[in-house]
Amino acid sequence: MARGVTALPSLSLISAALILLLFTSGSTVTSAQSQKTWCVAKPSSDEATLLANINYACSQVDCGILQKGSNCYYPDTLMSHASIAMNLYYQASGRNSPPCHFKDSALVVATNPSFGSCAYA
């Protein structure tokens, strides 16, 4: 009989732990979804695709930070400029994954790609 009495509190403890785990894991998923993300060009993208991405993104958002003399002009490469332009578009679109698709030539990253005096939005 003593065994039955000690088994009930253990079962209650396990149930409480499972309920706590359920609520905690749900909040962890919510936190991950609200994490800051950036959109950058895939390193495997060809020059024509990068140029098309720059042209499209900059037709939708202000890409003034890519102008010569601006903080994000250097390095003056298509990869760098495309990443910045694509991210400007992505941020302006509310950081939704489809705006970072760019015909499969982009990646969503959780590490801030800012460098030197060039701060990504």
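Guide: Buried means under 20% relative accessible area, exposed means over 50%, and partly exposed is in between, using a 1.4 Å probe and protein chains only. This is a predicted model, in which local features need pLDDT of at least 70, side-chain atom pairs count only at pLDDT 80 or more, and totals for chains, interfaces and linings use all residues. Residues are numbered from 1 along each chain as its sequence is written, and side-chain values use heavy atoms, with hydrogens and water left out.

Visitor: Is Cys63 buried or exposed?

Guide: Cys63 is joined to Cys58 by a disulfide, S to S 2.1 Å; a disulfide here is a pair of cysteine sulfur atoms within 2.5 Å. The partner, Cys58, is partly exposed at a relative accessible area of 27%. Cys63 has 8% relative accessibility, so Cys63 counts as buried.

Visitor: What is the handedness of the link between Cys58 and Cys63?

Guide: The sign of the angle goes with the hand in this link. With -100 degrees about the S-S bond, the link of Cys58 and Cys63 is left-handed.

Visitor: In what order do the elements run from the N terminus?

Guide: Helices (H or I, at least four residues) and strands (E, at least two) are DSSP runs, numbered from the N terminus. The protein has three helices and two strands. From the N terminus on, these elements run α-β-α-α-β.

Visitor: How many bridges join E1 to E2?

Guide: Two strands pair if DSSP finds at least two bridges between them. Ala41 has Ala106 in E2 as its bridge partner. E1 and E2 run antiparallel, and the number of bridges joining them is four.

Visitor: Which residues of E1 point the other way from Trp38 and Val40?

Guide: Trp38 and Val40 point one way from E1, and both are buried. The residues on the other side are buried too; they are Cys39 and Ala41.

Visitor: How far apart in sequence are the parts that the disulfide of Cys39 and Cys100 ties together?

Guide: The sulfur atoms of Cys39 and Cys100 are 2.1 Å apart, and the link is right-handed, with 90 degrees about the S-S bond. Cys39 is buried at a relative accessible area of 0%, and Cys100 is buried at 3%. Cys39 lies in strand E1 and Cys100 in the loop between H3 and E2, so the separation in sequence of the parts they tie together is 61 residues.

Visitor: Why is the disulfide of Cys72 and Cys118 given the hand that it has?

Guide: Cys72 and Cys118 are joined at S to S 1.9 Å. Cys72 lies in the loop between H2 and H3 and Cys118 in the segment after E2, so the pair ties together parts that are 46 residues apart in sequence. Both cysteines are buried. The torsion about their S-S bond is about 100 degrees, so the disulfide is right-handed.

Visitor: What is the pairing of the bonded cysteines, numbered in sequence order?

Guide: The structure holds three disulfides. Numbering the bonded cysteines in sequence order, the pairing is 1-5, 2-3, 4-6.

Visitor: Which element gives the most to the largest nonpolar core?

Guide: A nonpolar core is a set of buried Ala, Val, Leu, Ile, Met, Phe, Trp, Tyr and Cys residues joined through side-chain atoms within 4.5 Å. The largest one has 23 residues, of which Cys39, Ile84, Met86 and Phe102 touch the most other members. Strand E1 (38–41), helix H2 (47–60) and helix H3 (78–92) each supply at least two residues of this core. With seven residues, the element that gives the most is H3.

Visitor: Which residues does Ala110 touch, not counting residues up to four places away in sequence?

Guide: Ala110 sits in the segment after strand E2 (106–109) and is partly exposed, with a relative accessible area of 43%. Contact means heavy atoms within 4.5 Å. By that rule, and leaving out residues up to four places away in sequence, Ala110 touches Gln35, Lys36 and Trp38.

Visitor: Which residue offers its backbone nitrogen to the side chain of Asp62?

Guide: Asp62 is in the loop between H2 and H3 and is exposed, with a relative accessible area of 66%. A polar contact is a pair of N or O atoms within 3.5 Å; within protein, one must be able to donate a hydrogen and the other to accept it, and residues adjacent in sequence count only if both atoms are side-chain atoms. At 2.9 Å, the side chain of Asp62 reaches the backbone nitrogen of Gly64.
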